[in-house]
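Student: I should like to look closely at one part of this structure, namely the place where its two chains meet. Could you please describe that part and then relate it to what lies around it?

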Amino acid sequence: MADIDYQIVEDAAKELYIRALCDLPPDVREALKRAYDKETNPTAREVFKAIFKTIEVADEHKTLICQDTGLPIYMVKIGSQFPWNGFQIKKRLDIGTRRATQEFPFRGSSTHTLTRVNPQTSVGEGLPVIHYDFIEDADHLDILMIPKGSGSENMSKMKMFYPAHGISALKKFVIDTVFETGANPCPPGIIGVGLGGTADLVMKLAKEAIARPVGQRHHDPEIAKMEQELEEAINDMGRGPMGLGGDITALAVHIETAYTHITQNPIAVNTQCWPARRARAQIHPDGRVDYGY
Amino acid sequence: MATTHHLQTPFSDDVIRGLHAEDIVYFDGTLFGIRDLTQIYMFDQGHTPPVSLEGMPCIHTAPSLKKVGDTWEKICVGTTTSTRMDRFTPDLIAQYGVKAIIGKGGLYEGSLKAMQKHAAVYLAIVGGSAALETLQIQEVEAVYWEHLHPEALYKFRVKDFGPLTVAMDSHGRHLFEEVKEETRKRLPEIYQRLGIEA
(Lines give C-alpha, C1' and ligand atoms only; values in the text may rest on other atoms or scores of the structure.)
Protein backbone atom coordinates (compact mmCIF):
# COMPACT_ATOMS: atom_id res chain seq x y z
CA MET A 1 0.00 0.00 0.00
CA ALA A 2 3.03 2.26 -0.27
CA ASP A 3 1.74 3.87 -3.46
CA ILE A 4 -1.45 5.36 -1.99
CA ASP A 5 -1.59 9.05 -2.86
CA TYR A 6 -3.14 10.82 0.14
CA GLN A 7 -2.97 14.09 -1.78
CA ILE A 8 -6.29 12.91 -3.25
CA VAL A 9 -7.97 13.22 0.17
CA GLU A 10 -6.41 16.66 0.74
CA ASP A 11 -7.58 17.92 -2.66
CA ALA A 12 -11.04 16.45 -2.08
CA ALA A 13 -11.32 18.15 1.34
CA LYS A 14 -10.44 21.51 -0.22
CA GLU A 15 -12.81 20.98 -3.15
CA LEU A 16 -15.64 19.87 -0.82
CA TYR A 17 -15.44 22.97 1.39
CA ILE A 18 -15.51 25.30 -1.62
CA ARG A 19 -18.26 23.35 -3.40
CA ALA A 20 -20.41 23.31 -0.27
CA LEU A 21 -20.07 27.09 0.17
CA CYS A 22 -20.92 27.94 -3.45
CA ASP A 23 -23.27 25.25 -4.80
CA LEU A 24 -26.52 24.56 -2.95
CA PRO A 25 -27.68 20.89 -3.19
CA PRO A 26 -30.52 20.19 -5.69
CA ASP A 27 -32.86 18.84 -2.99
CA VAL A 28 -32.57 22.14 -1.07
CA ARG A 29 -33.21 24.19 -4.23
CA GLU A 30 -36.28 22.09 -5.04
CA ALA A 31 -37.60 22.31 -1.48
CA LEU A 32 -37.25 26.12 -1.61
CA LYS A 33 -39.16 26.21 -4.92
CA ARG A 34 -41.93 24.01 -3.53
CA ALA A 35 -42.10 26.26 -0.47
CA TYR A 36 -42.37 29.39 -2.65
CA ASP A 37 -45.25 27.82 -4.60
CA LYS A 38 -47.14 27.29 -1.33
CA GLU A 39 -46.32 30.68 0.22
CA THR A 40 -49.15 33.24 0.16
CA ASN A 41 -47.66 36.06 2.30
CA PRO A 42 -46.40 38.92 0.03
CA THR A 43 -43.43 39.79 2.30
CA ALA A 44 -42.43 36.12 2.45
CA ARG A 45 -42.63 35.83 -1.32
CA GLU A 46 -40.18 38.75 -1.63
CA VAL A 47 -37.82 36.90 0.73
CA PHE A 48 -38.02 33.79 -1.47
CA LYS A 49 -37.32 35.84 -4.60
CA ALA A 50 -34.17 37.27 -2.96
CA ILE A 51 -33.13 33.73 -1.99
CA PHE A 52 -33.49 32.53 -5.60
CA LYS A 53 -31.54 35.54 -6.91
CA THR A 54 -28.77 34.81 -4.39
CA ILE A 55 -28.50 31.18 -5.52
CA GLU A 56 -28.41 32.35 -9.15
CA VAL A 57 -25.64 34.89 -8.47
CA ALA A 58 -23.57 32.30 -6.56
CA ASP A 59 -23.96 29.83 -9.48
CA GLU A 60 -23.09 32.38 -12.12
CA HIS A 61 -20.09 33.94 -10.37
CA LYS A 62 -18.97 30.83 -8.46
CA THR A 63 -19.01 32.85 -5.23
CA LEU A 64 -20.01 32.12 -1.65
CA ILE A 65 -23.77 32.01 -1.06
CA CYS A 66 -23.34 33.31 2.52
CA GLN A 67 -20.40 35.16 4.07
CA ASP A 68 -20.48 32.87 7.09
CA THR A 69 -18.11 30.09 6.06
CA GLY A 70 -19.09 28.35 9.28
CA LEU A 71 -17.15 25.69 11.09
CA PRO A 72 -16.05 22.74 8.94
CA ILE A 73 -17.67 19.37 9.70
CA TYR A 74 -16.71 16.19 7.86
CA MET A 75 -18.82 13.05 8.22
CA VAL A 76 -16.53 10.26 7.10
CA LYS A 77 -17.73 6.73 6.35
CA ILE A 78 -15.04 4.15 5.67
CA GLY A 79 -15.90 1.11 3.56
CA SER A 80 -15.03 -2.18 5.25
CA GLN A 81 -12.82 -3.07 2.24
CA PHE A 82 -11.28 0.40 1.81
CA PRO A 83 -7.56 -0.12 2.38
CA TRP A 84 -6.29 3.44 3.16
CA ASN A 85 -4.78 4.59 6.45
CA GLY A 86 -7.23 6.42 8.75
CA PHE A 87 -4.62 8.65 10.38
CA GLN A 88 -3.45 9.90 6.98
CA ILE A 89 -7.05 10.60 5.99
CA LYS A 90 -7.58 12.71 9.13
CA LYS A 91 -4.37 14.66 8.55
CA ARG A 92 -5.25 15.42 4.94
CA LEU A 93 -8.77 16.63 5.82
CA ASP A 94 -7.12 19.20 8.07
CA ILE A 95 -4.66 20.38 5.41
CA GLY A 96 -7.35 20.48 2.72
CA THR A 97 -9.55 22.65 4.95
CA ARG A 98 -6.73 25.17 5.49
CA ARG A 99 -5.94 25.24 1.78
CA ALA A 100 -9.59 25.90 0.84
CA THR A 101 -9.60 28.89 3.22
CA GLN A 102 -6.32 30.41 2.10
CA GLU A 103 -6.37 29.57 -1.61
CA PHE A 104 -9.99 30.51 -2.45
CA PRO A 105 -9.59 32.75 -0.31
CA PHE A 106 -12.52 33.14 2.10
CA ARG A 107 -12.94 34.25 5.72
CA GLY A 108 -11.73 31.68 8.22
CA SER A 109 -14.33 31.56 10.98
CA SER A 110 -12.47 29.40 13.53
CA THR A 111 -11.10 31.19 16.57
CA HIS A 112 -9.43 30.37 19.92
CA THR A 113 -12.28 29.91 22.34
CA LEU A 114 -10.74 32.14 25.07
CA THR A 115 -8.26 34.51 23.40
CA ARG A 116 -10.55 34.85 20.34
CA VAL A 117 -7.47 34.91 18.07
CA ASN A 118 -8.49 33.83 14.55
CA PRO A 119 -5.74 31.98 12.64
CA GLN A 120 -7.62 32.46 9.30
CA THR A 121 -7.30 28.74 8.55
CA SER A 122 -10.81 27.49 9.49
CA VAL A 123 -9.07 24.91 11.71
CA GLY A 124 -7.35 24.80 15.10
CA GLU A 125 -7.50 22.62 18.21
CA GLY A 126 -10.40 20.17 17.74
CA LEU A 127 -11.27 21.43 14.25
CA PRO A 128 -12.30 20.40 11.68
CA VAL A 129 -15.00 18.39 13.39
CA ILE A 130 -14.71 14.85 11.99
CA HIS A 131 -17.22 12.07 12.67
CA TYR A 132 -16.18 8.56 11.65
CA ASP A 133 -18.34 5.59 10.79
CA PHE A 134 -18.01 2.44 8.69
CA ILE A 135 -19.93 0.96 5.76
CA GLU A 136 -20.42 -2.78 5.48
CA ASP A 137 -19.29 -4.52 2.27
CA ALA A 138 -18.03 -1.36 0.56
CA ASP A 139 -14.61 -0.55 -0.85
CA HIS A 140 -14.88 3.25 -0.98
CA LEU A 141 -14.52 6.21 1.37
CA ASP A 142 -17.54 8.52 1.70
CA ILE A 143 -16.95 12.08 2.89
CA LEU A 144 -19.85 14.45 3.57
CA MET A 145 -18.77 18.05 4.23
CA ILE A 146 -20.96 20.58 6.04
CA PRO A 147 -19.90 24.20 6.66
CA LYS A 148 -22.16 25.04 9.63
CA GLY A 149 -23.00 28.72 9.86
CA SER A 150 -23.32 30.36 13.23
CA GLY A 151 -26.68 32.10 12.88
CA SER A 152 -28.25 28.66 13.05
CA GLU A 153 -25.65 26.85 15.19
CA ASN A 154 -26.03 29.46 17.95
CA MET A 155 -29.69 28.47 18.17
CA SER A 156 -28.93 24.82 19.10
CA LYS A 157 -30.75 23.49 22.15
CA MET A 158 -30.51 20.29 24.17
CA LYS A 159 -32.34 18.92 27.20
CA MET A 160 -32.26 15.75 29.29
CA PHE A 161 -35.93 15.03 29.96
CA TYR A 162 -37.00 12.12 32.17
CA PRO A 163 -39.01 9.16 30.91
CA ALA A 164 -42.01 10.48 32.89
CA HIS A 165 -42.08 13.59 30.67
CA GLY A 166 -43.06 11.35 27.74
CA ILE A 167 -43.16 12.10 24.03
CA SER A 168 -45.30 15.21 24.46
CA ALA A 169 -42.44 17.04 26.24
CA LEU A 170 -40.20 16.26 23.26
CA LYS A 171 -42.69 17.68 20.78
CA LYS A 172 -43.18 20.80 22.92
CA PHE A 173 -39.41 21.30 23.09
CA VAL A 174 -39.19 21.34 19.28
CA ILE A 175 -42.10 23.77 18.88
CA ASP A 176 -40.81 26.08 21.65
CA THR A 177 -37.31 26.08 20.16
CA VAL A 178 -38.67 27.23 16.81
CA PHE A 179 -40.78 29.88 18.58
CA GLU A 180 -37.88 31.23 20.65
CA THR A 181 -35.23 31.24 17.95
CA GLY A 182 -37.47 33.16 15.51
CA ALA A 183 -35.58 34.91 12.72
CA ASN A 184 -32.08 34.13 14.00
CA PRO A 185 -31.39 30.78 12.28
CA CYS A 186 -32.32 32.28 8.86
CA PRO A 187 -35.52 30.29 8.24
CA PRO A 188 -36.89 28.46 6.31
CA GLY A 189 -34.35 25.70 6.86
CA ILE A 190 -34.16 22.21 8.29
CA ILE A 191 -35.10 21.50 11.91
CA GLY A 192 -32.78 18.64 12.94
CA VAL A 193 -33.92 16.67 15.97
CA GLY A 194 -31.97 14.05 17.90
CA LEU A 195 -33.85 11.70 20.21
CA GLY A 196 -32.21 9.26 22.59
CA GLY A 197 -28.59 8.31 23.19
CA THR A 198 -26.41 10.18 25.70
CA ALA A 199 -25.86 13.94 26.07
CA ASP A 200 -23.14 13.91 23.39
CA LEU A 201 -24.80 11.40 21.07
CA VAL A 202 -28.15 13.21 21.03
CA MET A 203 -26.62 16.39 19.57
CA LYS A 204 -24.68 14.34 17.02
CA LEU A 205 -27.97 12.75 15.98
CA ALA A 206 -29.51 16.21 15.51
CA LYS A 207 -26.52 17.13 13.33
CA GLU A 208 -26.97 13.97 11.26
CA ALA A 209 -30.62 14.94 10.89
CA ILE A 210 -29.75 18.27 9.24
CA ALA A 211 -27.30 16.44 6.94
CA ARG A 212 -30.06 14.32 5.41
CA PRO A 213 -31.35 15.45 1.98
CA VAL A 214 -34.44 17.63 2.44
CA GLY A 215 -37.70 15.71 2.51
CA GLN A 216 -36.17 12.26 2.84
CA ARG A 217 -38.22 10.60 5.57
CA HIS A 218 -36.91 8.47 8.42
CA HIS A 219 -37.07 4.73 7.63
CA ASP A 220 -39.19 4.00 10.72
CA PRO A 221 -42.83 4.91 9.82
CA GLU A 222 -43.56 6.05 13.39
CA ILE A 223 -40.65 8.52 13.35
CA ALA A 224 -41.57 9.58 9.81
CA LYS A 225 -45.08 10.35 11.04
CA MET A 226 -43.68 12.47 13.87
CA GLU A 227 -41.50 14.38 11.37
CA GLN A 228 -44.55 15.10 9.21
CA GLU A 229 -46.67 16.14 12.18
CA LEU A 230 -44.05 18.55 13.58
CA GLU A 231 -43.34 19.96 10.13
CA GLU A 232 -47.00 20.87 9.62
CA ALA A 233 -47.32 22.29 13.13
CA ILE A 234 -44.18 24.46 12.73
CA ASN A 235 -45.38 25.85 9.41
CA ASP A 236 -48.77 26.64 10.94
CA MET A 237 -47.00 28.83 13.52
CA GLY A 238 -46.66 31.57 10.88
CA ARG A 239 -43.14 32.85 11.76
CA GLY A 240 -42.30 32.64 8.05
CA PRO A 241 -39.10 33.16 6.05
CA MET A 242 -36.61 35.31 8.03
CA GLY A 243 -39.22 35.60 10.82
CA LEU A 244 -41.14 38.25 8.87
CA GLY A 245 -44.34 36.20 8.75
CA GLY A 246 -45.60 33.60 6.29
CA ASP A 247 -46.74 30.06 5.63
CA ILE A 248 -43.30 28.44 5.48
CA THR A 249 -41.07 28.45 8.58
CA ALA A 250 -39.27 25.14 7.94
CA LEU A 251 -38.47 23.24 4.76
CA ALA A 252 -38.41 20.02 6.74
CA VAL A 253 -38.18 18.39 10.15
CA HIS A 254 -35.71 15.49 10.24
CA ILE A 255 -35.40 13.22 13.27
CA GLU A 256 -32.61 10.75 14.05
CA THR A 257 -32.88 8.34 16.97
CA ALA A 258 -30.82 6.04 19.18
CA TYR A 259 -31.53 3.84 22.17
CA THR A 260 -31.10 5.62 25.47
CA HIS A 261 -30.78 4.80 29.19
CA ILE A 262 -33.86 3.52 31.06
CA THR A 263 -33.82 6.71 33.16
CA GLN A 264 -33.23 9.16 30.31
CA ASN A 265 -35.27 10.88 27.60
CA PRO A 266 -32.86 13.27 25.86
CA ILE A 267 -33.59 15.64 22.98
CA ALA A 268 -31.45 17.98 20.90
CA VAL A 269 -32.47 20.46 18.23
CA ASN A 270 -29.92 21.61 15.68
CA THR A 271 -31.32 24.03 13.14
CA GLN A 272 -29.97 24.48 9.64
CA CYS A 273 -30.47 27.78 7.79
CA TRP A 274 -32.06 28.03 4.33
CA PRO A 275 -28.62 27.78 2.67
CA ALA A 276 -28.46 24.15 3.85
CA ARG A 277 -24.96 23.67 2.48
CA ARG A 278 -23.30 20.30 2.03
CA ALA A 279 -21.08 18.47 -0.48
CA ARG A 280 -20.09 14.82 -0.78
CA ALA A 281 -17.14 12.93 -2.26
CA GLN A 282 -16.68 9.21 -2.76
CA ILE A 283 -13.06 8.17 -3.04
CA HIS A 284 -12.35 4.78 -4.62
CA PRO A 285 -9.26 2.61 -3.95
CA ASP A 286 -7.92 3.37 -7.46
CA GLY A 287 -7.94 7.10 -6.60
CA ARG A 288 -11.09 8.03 -8.52
CA VAL A 289 -13.18 10.74 -6.83
CA ASP A 290 -16.91 11.20 -7.49
CA TYR A 291 -18.47 14.42 -6.25
CA GLY A 292 -22.11 14.84 -5.26
CA TYR A 293 -24.22 16.11 -2.42
CA MET B 1 -51.03 47.48 1.10
CA ALA B 2 -47.25 47.24 0.96
CA THR B 3 -45.47 49.60 -1.42
CA THR B 4 -42.12 49.15 -3.16
CA HIS B 5 -39.81 52.18 -2.91
CA HIS B 6 -36.70 52.96 -4.97
CA LEU B 7 -34.68 55.46 -2.96
CA GLN B 8 -31.47 57.46 -3.18
CA THR B 9 -29.19 58.31 -0.23
CA PRO B 10 -29.09 60.48 1.85
CA PHE B 11 -32.62 59.86 3.18
CA SER B 12 -34.67 62.88 4.34
CA ASP B 13 -37.04 62.71 7.31
CA ASP B 14 -39.96 62.98 4.86
CA VAL B 15 -38.79 59.94 2.91
CA ILE B 16 -38.37 57.94 6.12
CA ARG B 17 -41.80 58.94 7.46
CA GLY B 18 -43.25 57.71 4.14
CA LEU B 19 -42.01 54.16 4.82
CA HIS B 20 -44.32 51.72 6.58
CA ALA B 21 -43.83 48.23 8.01
CA GLU B 22 -44.01 45.56 5.28
CA ASP B 23 -42.98 48.00 2.50
CA ILE B 24 -40.10 46.90 0.27
CA VAL B 25 -37.10 49.19 -0.26
CA TYR B 26 -34.29 49.27 -2.84
CA PHE B 27 -31.80 52.12 -2.86
CA ASP B 28 -28.80 53.62 -4.67
CA GLY B 29 -25.97 55.61 -3.19
CA THR B 30 -23.92 55.31 -0.02
CA LEU B 31 -24.07 52.51 2.53
CA PHE B 32 -21.95 52.40 5.68
CA GLY B 33 -20.84 49.07 7.15
CA ILE B 34 -20.58 48.77 10.94
CA ARG B 35 -20.32 45.93 13.45
CA ASP B 36 -19.95 45.26 17.21
CA LEU B 37 -16.37 46.51 17.47
CA THR B 38 -16.98 49.62 15.32
CA GLN B 39 -19.65 50.73 17.78
CA ILE B 40 -17.71 49.73 20.91
CA TYR B 41 -14.95 51.98 19.52
CA MET B 42 -17.41 54.83 18.91
CA PHE B 43 -19.60 54.71 21.97
CA ASP B 44 -17.60 52.94 24.70
CA GLN B 45 -14.21 54.36 23.77
CA GLY B 46 -15.39 57.78 22.59
CA HIS B 47 -14.14 58.01 19.00
CA THR B 48 -16.04 60.22 16.56
CA PRO B 49 -16.33 58.89 12.98
CA PRO B 50 -14.07 60.76 10.54
CA VAL B 51 -16.97 60.96 8.08
CA SER B 52 -20.56 62.19 8.40
CA LEU B 53 -23.24 59.51 8.74
CA GLU B 54 -26.07 62.09 8.53
CA GLY B 55 -29.05 60.76 6.55
CA MET B 56 -27.25 57.52 5.74
CA PRO B 57 -28.04 53.81 6.09
CA CYS B 58 -25.76 51.52 8.13
CA ILE B 59 -25.56 47.77 7.60
CA HIS B 60 -24.46 45.23 10.24
CA THR B 61 -21.55 43.48 8.55
CA ALA B 62 -17.98 42.19 8.87
CA PRO B 63 -17.00 42.17 5.21
CA SER B 64 -14.42 39.96 3.51
CA LEU B 65 -12.25 42.43 1.59
CA LYS B 66 -8.74 42.40 0.20
CA LYS B 67 -6.42 45.40 -0.03
CA VAL B 68 -4.73 45.82 -3.39
CA GLY B 69 -2.29 48.76 -3.19
CA ASP B 70 -4.34 51.58 -1.69
CA THR B 71 -7.75 50.29 -2.70
CA TRP B 72 -10.00 47.71 -1.11
CA GLU B 73 -11.69 45.06 -3.24
CA LYS B 74 -14.78 43.14 -2.16
CA ILE B 75 -14.64 39.36 -1.71
CA CYS B 76 -17.87 38.70 0.16
CA VAL B 77 -20.11 41.08 2.09
CA GLY B 78 -22.97 39.63 4.12
CA THR B 79 -25.17 40.64 7.02
CA THR B 80 -25.09 39.57 10.65
CA THR B 81 -27.63 39.38 13.48
CA SER B 82 -28.58 42.86 14.71
CA THR B 83 -29.72 42.25 18.30
CA ARG B 84 -26.11 42.06 19.54
CA MET B 85 -25.72 45.72 18.59
CA ASP B 86 -29.04 46.97 19.92
CA ARG B 87 -27.62 49.02 22.78
CA PHE B 88 -25.66 51.32 20.42
CA THR B 89 -28.54 51.98 18.04
CA PRO B 90 -30.46 54.77 19.82
CA ASP B 91 -27.23 56.85 20.01
CA LEU B 92 -26.31 56.05 16.44
CA ILE B 93 -29.66 57.49 15.37
CA ALA B 94 -29.84 60.41 17.83
CA GLN B 95 -26.19 61.60 17.76
CA TYR B 96 -25.13 60.83 14.20
CA GLY B 97 -28.39 61.15 12.26
CA VAL B 98 -28.34 57.62 10.83
CA LYS B 99 -31.67 57.07 9.06
CA ALA B 100 -31.73 53.33 8.39
CA ILE B 101 -30.28 50.28 10.11
CA ILE B 102 -29.97 47.22 7.88
CA GLY B 103 -29.57 43.78 9.39
CA LYS B 104 -31.32 40.56 10.23
CA GLY B 105 -33.54 39.64 13.16
CA GLY B 106 -34.55 43.18 14.23
CA LEU B 107 -33.87 45.30 17.34
CA TYR B 108 -35.59 45.99 20.66
CA GLU B 109 -37.99 48.58 22.10
CA GLY B 110 -35.40 51.31 22.83
CA SER B 111 -34.28 51.36 19.22
CA LEU B 112 -37.90 51.47 18.04
CA LYS B 113 -38.53 54.53 20.26
CA ALA B 114 -35.46 56.30 18.85
CA MET B 115 -36.73 55.54 15.33
CA GLN B 116 -40.10 57.12 16.15
CA LYS B 117 -38.53 60.21 17.72
CA HIS B 118 -35.79 60.90 15.15
CA ALA B 119 -37.35 59.44 11.95
CA ALA B 120 -35.39 56.29 11.22
CA VAL B 121 -36.22 52.73 10.14
CA TYR B 122 -34.95 49.17 10.44
CA LEU B 123 -34.70 47.42 7.10
CA ALA B 124 -34.56 43.62 7.23
CA ILE B 125 -32.32 41.95 4.69
CA VAL B 126 -32.51 38.29 3.76
CA GLY B 127 -29.87 36.59 5.91
CA GLY B 128 -27.57 34.24 4.02
CA SER B 129 -27.87 36.21 0.78
CA ALA B 130 -24.29 37.53 0.73
CA ALA B 131 -23.77 36.59 -2.93
CA LEU B 132 -26.53 39.03 -3.92
CA GLU B 133 -25.41 41.80 -1.54
CA THR B 134 -21.84 41.56 -2.78
CA LEU B 135 -23.01 41.94 -6.38
CA GLN B 136 -25.08 45.03 -5.47
CA ILE B 137 -22.04 46.71 -3.90
CA GLN B 138 -20.39 48.64 -6.70
CA GLU B 139 -17.30 49.75 -4.86
CA VAL B 140 -15.62 49.91 -1.47
CA GLU B 141 -15.09 53.69 -1.43
CA ALA B 142 -13.29 53.92 1.90
CA VAL B 143 -12.33 52.00 5.01
CA TYR B 144 -12.05 54.17 8.15
CA TRP B 145 -10.32 52.90 11.31
CA GLU B 146 -8.51 50.21 9.29
CA HIS B 147 -6.98 48.71 12.44
CA LEU B 148 -10.46 47.44 13.38
CA HIS B 149 -10.91 45.49 10.11
CA PRO B 150 -13.05 43.33 9.60
CA GLU B 151 -15.07 45.42 12.07
CA ALA B 152 -13.96 48.84 10.90
CA LEU B 153 -16.19 51.57 9.41
CA TYR B 154 -16.81 50.96 5.71
CA LYS B 155 -18.19 53.23 3.02
CA PHE B 156 -19.73 51.30 0.13
CA ARG B 157 -21.34 52.59 -3.07
CA VAL B 158 -24.40 50.48 -3.90
CA LYS B 159 -26.88 50.14 -6.77
CA ASP B 160 -30.42 48.70 -6.43
CA PHE B 161 -29.52 47.48 -2.95
CA GLY B 162 -32.35 45.21 -1.85
CA PRO B 163 -34.93 43.86 -1.45
CA LEU B 164 -35.16 45.16 2.10
CA THR B 165 -38.35 44.82 4.15
CA VAL B 166 -39.32 47.73 6.41
CA ALA B 167 -39.49 45.74 9.66
CA MET B 168 -39.46 48.65 12.16
CA ASP B 169 -40.89 51.94 10.98
CA SER B 170 -40.90 55.47 12.40
CA HIS B 171 -44.55 55.16 13.39
CA GLY B 172 -43.98 52.53 16.08
CA ARG B 173 -44.68 49.35 14.10
CA HIS B 174 -42.38 46.38 14.74
CA LEU B 175 -43.03 43.60 12.23
CA PHE B 176 -40.95 40.93 14.03
CA GLU B 177 -42.88 41.54 17.26
CA GLU B 178 -46.23 41.52 15.45
CA VAL B 179 -45.39 38.16 13.84
CA LYS B 180 -44.17 36.78 17.17
CA GLU B 181 -47.42 37.80 18.90
CA GLU B 182 -49.49 36.25 16.13
CA THR B 183 -47.52 32.99 16.57
CA ARG B 184 -47.99 33.11 20.34
CA LYS B 185 -51.76 33.22 19.79
CA ARG B 186 -51.57 30.12 17.61
CA LEU B 187 -49.52 28.07 20.11
CA PRO B 188 -52.40 26.69 22.25
CA GLU B 189 -54.08 25.17 19.19
CA ILE B 190 -50.75 23.72 17.99
CA TYR B 191 -49.99 22.22 21.43
CA GLN B 192 -53.45 20.70 21.54
CA ARG B 193 -53.11 19.16 18.09
CA LEU B 194 -49.79 17.55 19.09
CA GLY B 195 -51.22 16.23 22.35
CA ILE B 196 -49.09 18.62 24.44
CA GLU B 197 -50.35 19.75 27.82
CA ALA B 198 -49.32 23.42 27.95
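Tutor: In this predicted model, the contact between the chains draws 39 residues from chain B and 42 residues from chain A. On the side of chain B that touches chain A, the elements that give two or more residues are α5 (130–136), β9 (153–168) and α6 (175–193) of chain B. Of these, α6(B) supplies the largest share, eleven residues. Sorted by class, this side of chain B holds 20 nonpolar, twelve polar and seven charged residues.

Strand β9(B) also appears in the largest nonpolar core. This core has 134 residues, and those with the most contacts inside it are A:Val193, B:Cys58, B:Val121, B:Leu123 and B:Ala167. The largest share of the core, nine residues, comes from β9(B). Both domain 1 (7–23 + 65–149 + 277–292) and domain 2 (151–272) of chain A give residues to this core, so the core lies between them. In general, nonpolar side chains tend to be buried together in soluble globular proteins. Leaving aside residues up to four places away in sequence, A:Val193 touches A:Val174, A:Ala206, A:Ala209, A:Val253, A:His254, A:Ile255, A:Ile267 and A:Val269.

The two domains of chain A complete the picture. Their C-alpha centres lie 25 Å apart, and their contact takes eight residues from domain 1 and five residues from domain 2. On the domain 1 side, strand β3 (residues 141–148) of chain A gives the most, with three residues. That side of domain 1 divides into three nonpolar, two polar and three charged residues.

Methods
Residues numbered from 1 in each chain as written. Chains lettered and ligands numbered in written order. Predicted model: local features only at pLDDT ≥ 70, side-chain atom pairs only at ≥ 80, totals over all residues. Contact = placed C-beta atoms within 7 Å. Helix = DSSP H or I, 4+ residues; strand = E, 2+ residues; numbered from the N terminus. Nonpolar A, V, L, I, M, F, W, Y, C, P; charged D, E, K, R; others polar. Domains from an automatic or database assignment. Core = buried A, V, L, I, M, F, W, Y, C linked by C-beta atoms within 7 Å. Buried ≥ 20, exposed ≤ 12 C-beta atoms within 10 Å, placed from the backbone.
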